[in-house]
Amino acid sequence: MADVMNIQGHVRLGSNAGQSMTRRDGVLKVTGRATYAADNRPEGVLHAVTATAGIARGRVTHLDTAAAEAHPGVVKVYTPANRPDLAVSPDEKIHGFAWRTEALQDDTVRYAGQPIALVVAETLEAATEGSHLLAPRYDADTPRIGLDGGVPFQPETISIGRPPSLEVGDIDAARTGAARHFETVIETPAQYHNALEPHAITAQWTGDRLEIDTPNQAIGLAKQSFAAYLGVNPAHILIRSPFLGGGFGSKAILFGAQLLVALAAKDLDRPIKLALRRDQMYGPVGHRPATRQTLKLDVDTRGHIAALEHHTIAVASSFDDFIENASNASHSVYATTALRTTHAGIRADTGTPGPMRAPGEATGSAALEVAIDDAAYALGFDPLEFRLRNYAETDPATGMQFSSKALRECYAQAAEAFGWQDRPLEPGSMKQGRLLKGWGMGTAQFPCPMFQAAAHATLRADGSAVVETSAADMGQGAWTSLAQIAADGLGIDIDRLEFRSGQSNLPDAGVAGGSGHTATAGTALFNAGADTIRQLAELALNDPASPLFGADNAGVTARGGRLYRNDDDTRSEAYEDILARAGLDLLRGEGKGAREGEPERAMFSHGGVFAEVLVDPDLGQVRVSRLIGAFAAGRIVNPHLARSQLLGGMIWGIGFALQEEAIHDVRTGRFTNADLAGYHIPVNADVPMIEALTVHEDDPFVNSLGIKGVGELGVTGTVGAIANAVWHATGIRPKRFPIHPESLI
Amino acid sequence: MNLFEYTRAETLDAAMSAATEDGAILAGGTNLLDLMKIGVVNPTRLIDITRLPLHDIEEHDGGLRIGAMVRNADLARHPVILSRFPAVAEALLSGASAQLRNAASTGGNIMQQTRCSYFQDPLSPCNRREPGSGCAAIGGETRNHAVLGWTEACIATHPSDLCVALAAYDAVVEITGPDGLREVPMESFHPLPDANGTGPAPLQSGEIITHIRLPDSGGMARNARYVKLRERTSFAFAIVSAAAALEIQDGRIVQARLALGGVAARPWRARTAEKALADQSPTEEAFARAADLALEGAAPSGDNRAKITLARRIAIRALTRAAAGTPDRLPALPASVFEGDCNG
């Protein structure tokens, strides 16, 4: 079997970026040769399994370590009584992106499923049975679970270091002048990370050097964190993370068991591997918390929003402060004279929430879009017409202009593709056979952050190149789209480019999160290539033997592995010839990707999502039968991969609207559905006719490449569109997600 | 997982003598191995019966005799199942996933355990798992729990789709044990709970299910359906389901069969409803009256009152579809509520 599939007819015209290339790692993945962290089997590896708490609040009073250690194959059991020390307490937040975590620091139980011991054994089976044999006993307190079971508090910050509230304009004055007042209360459930690849780590020491294989979305940051908590020189740590089987925010943050595995590997002087079971992901690796959101809209007689309030109560943990910033989703979507958003927290005995694909935006957009739809109907407006009436020409939260905003075009293209113009205003007016049919829409919006990234590019004597940056490919295809950008920075065909990534000893590409990875790491890679070409051009232009000699003011362009005079295409020279004459084997450039200074424009990706649902009127079952979105996200580096990202987000929206929900037993705090049989996400048969269109958008402000992001955009808008379609079919306005059949009969 | 001894039985006698208290029969393993991994069952011996000669489907007096080891996927595509017992095919293909159906056996489907989350959580009291310990499901999350035949001792439901259709067709479970052969009707194979516990074990020590017998479906062959309500179109257990079969002659129902799933600790055969349908016209009104009778005595076991309404309505849907006739080809989404009304 050939290593690379030769796909005929895959001709590329022009540059690399903008081409619908398939994933460069696709063949490795579909043939099982891509090595994920848990696939590593170093010589002499031991297996670790955490024992987890069966209570949600209290203390562990006894662990039968003797029974566990007597089990054949068990090597050692770590508990708070004998675990090696960390250099820094795992309850210390060493940087803004650190979560308090459990590494056996004491006998306290803060949530059900919390690791309370680590069993290391010669086999996975022995470690697992050892963890059962510990048979913990507890001093248990009554757990505080859910929105109504916990203790309210006012957070100082929300999400990661953001202010919890915002007020723009005079709400009370705006309300006085408005004609109609609307109030909507919506609940969203706890959702837990279920990436296909569970979290895993393999750690091994050679002397004072530590090698770690673990899927991670930000390995530069992870290296710093491992180094700080373990008290190891960061230069002595190598993290490999070549493939992630999904991250979605849960693999951006370290959790205690990873630190314990590294400590135990040192203690036992053997490599150790740990892979979480599915149920063990329910707690220590973050989740999207339950929210109760209240929206208040005041609208004038012409259908303009005068006042918009969005208040969120979100469940947090008892020991850390991550608050789902759902209300912020109302900051920048619709025009309003006055805006007020607030957040409050509920302390509950659960693991700490964290980022989960479109954190805040997905949850808040779901509620906002339902509230907007409710007002539109009450005022007699078509939902799209109402949204256009309240189209934000400037950002309501900051007053700034948008860097670019092709939302109108998104609405128009998706609406046309969908056939929206035929939609009757009244709910319950469309049928298909026995079934009720409804059409709904929602606006998608997601910010365009940039983080910090660095990259190297090296041109080799044969005119090929290697680029290096520690980017994370979570399955989204980063290694393909980033390589496309890098190749264009170097002016070579992508087939001449070696792309090195996924290792912490490479220049730090920052976090693959916030839908900012392509923009950030891509800018660094492009700049590294451009820096290399600048040096190469300098060599050529100063070399009398070069056909480019003296082109100074005209300048040169790099294309297809040659430099061309801008004013005379017939005068060009191949990279390898320039290097050879200069006597160079290698030419190396560096680049950075970051946003300089405070942004002077509001920067968002946008979209319009239109959903059709069929509802069985007797049984309440909902089927999404059509889902069409059009999205504007700046320059699309790879249309094929961007479409997949957008579709993935929209499908996540189907799950959010109709299926996804982690259920606690409120008496014990334990989950009743912590597996893929019980925690439902869509299957193929739930995904209907679905399409994601992309709308052309040039953005001269967002970054030099004009790249926004598509990773999270598709979730926003979709949830509301489906809920609004359900209402249009049934006349029943969903009050909570997911929408169960029982609520529709 | 605890340490256990694994043996592959070469003969039925060997399997029977091994299938005592601390041993467990391993067929497809799709439920047993999961339960072992989460510590719900801890057998010290596994007796693998996959090599026993129980893989055949034989025609038998106009019906079928199905070996306990016949895989779900094979059974669903058997020509006689498709032509004369189509509700069995639909039930099978609406269950689990293609991968699981390739592994799961007919006997194992019957012997699978409830998916009550409290049964699956060894830390919760559960009379089914640990007699006398209580029932943690009561007062807990009860969306998947019983509305018929439950007691304070247990409110679990049996999760099988196949068993619902088998019960409707009067299937018989053939059991071989130390005392010889015995037969138990499918509809009463799974015990209902009593005031004190979950009832007697369906199999005694040393007993093994060898076959399932389906009697001749007679005039009901082309008027039989299975319908399943669930939020996810595949790989999800029924919220409620129903199997219905009708023999209709000259516009009158000669005989009717109706069984409900997801409502009780066993597939719930609705015999009163069936009797009431005899000699009636197959009308929506007649089906509605029958559905009322089927749900007679239903009561919520927690926050699940809506299931009574849903079960009633799915019974009507199954009967209505059965009356309309079995389609020549199985629908693309077997047992789906949406069949025929929407694409895909």
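**Notes on cavities, sheets and a helix pair**

1. Let's begin inside the protein: the residues lining the largest cavity split into nine nonpolar, seven polar and two charged. Keep in mind as you look around that this is a predicted model. The lining is made up of 18 residues, and those lying nearest the cavity's centre are A:Trp99, A:Pro284, A:Val285, A:Gly286 and A:Thr352. The space in there comes to about 150 Å³. If you count every cavity of 30 Å³ or more, you get nine.

2. The second largest cavity has a volume of about 100 Å³. Its lining has 13 residues, with A:His95, A:Phe97, A:Ala98, A:Ser225 and A:Leu254 closest to the centre. Sorted by class, that lining holds nine nonpolar and four polar residues, and no charged ones. Compare that with the largest cavity, where two charged residues take part in the lining.

3. Next, have a look at a helix pair in chain A. Helix 11 (residues 517-541) and helix 12 (residues 575-582) of chain A have axes that come within 10 Å and cross at roughly 65 degrees. The crossing of these two helices is left-handed. On the helix 11 side of chain A, the contact uses A:Ile533, A:Leu536, A:Leu539 and A:Ala540, while helix 12 of chain A brings A:Tyr575, A:Ile578, A:Leu579 and A:Ala582. What classes do these residues fall into? Eight are nonpolar, with no polar and no charged residues in the contact.

4. Chain A also has an open sheet of five strands, in the order 19-20-28-29-30, and its pairing is mixed. Which strands stand at the edges? They are strand 19 (430-432) and strand 30 (689-694) of chain A; each has a single partner strand, so one side of each is left without a neighbour in the sheet. On average, and with direction ignored, neighbouring strands of this sheet are turned by 25 degrees against each other.

5. Staying with that sheet, edge strand 19 of chain A pairs with strand 20 (residues 435-447) of chain A in the antiparallel sense, over three bridges. To find the pairing on screen, look for A:Lys431, which stands opposite A:Leu436 in strand 20 of chain A. Helix 14 (residues 718-730) of chain A packs on the sheet, touching strand 19, strand 20, strand 28 (604-615) and strand 29 (622-632) of chain A. The direction of helix 14 makes about 155 degrees with that of strand 20 of chain A.

6. Earlier in chain A, strand 2 (residues 58-62) is worth a look for its two pairings. With strand 4 (residues 108-109) of chain A it runs antiparallel, joined by two bridges, and A:Gly58 stands opposite A:Val109 there. Strand 2 of chain A also runs antiparallel to strand 6 (residues 137-140) of chain A, this time with four bridges. In that pairing A:His62 stands opposite A:Arg137.

7. Over to chain B, which has an open sheet of five strands too, ordered 4-5-8-6-7 and with antiparallel pairing. Strand 4 (57-60) and strand 7 (180-185) of chain B are at the edges, and since each has a single partner strand, one side of each is left without a neighbour in the sheet. Neighbouring strands here are turned by 25 degrees against each other on average, direction ignored. Strand 4 of chain B pairs antiparallel with strand 5 (residues 63-67) of chain B over four bridges, and B:Ile57 stands opposite B:Ile66 in strand 5 of chain B.

How values were computed. Residues numbered from 1 in each chain as written. Chains lettered and ligands numbered in written order. Predicted model: local features only at pLDDT ≥ 70, side-chain atom pairs only at ≥ 80, totals over all residues. Heavy atoms only, no water. Axes fitted to C-alpha atoms, helices over the stretch in contact; angles between N-to-C directions. Left-handed = near helix turned anticlockwise from the far one by under 90°. Contact = heavy atoms within 4.5 Å. Nonpolar A, V, L, I, M, F, W, Y, C, P; charged D, E, K, R; others polar. Pairing = 2+ DSSP bridges. 1 Å grid on protein atoms, 1.4 Å probe; cavity = no way out; pocket = protein on both sides within 12 Å on 5 of 7 lines; lining within 4 Å. Points joined across faces, edges and corners; volume = space filled by probe spheres on them.
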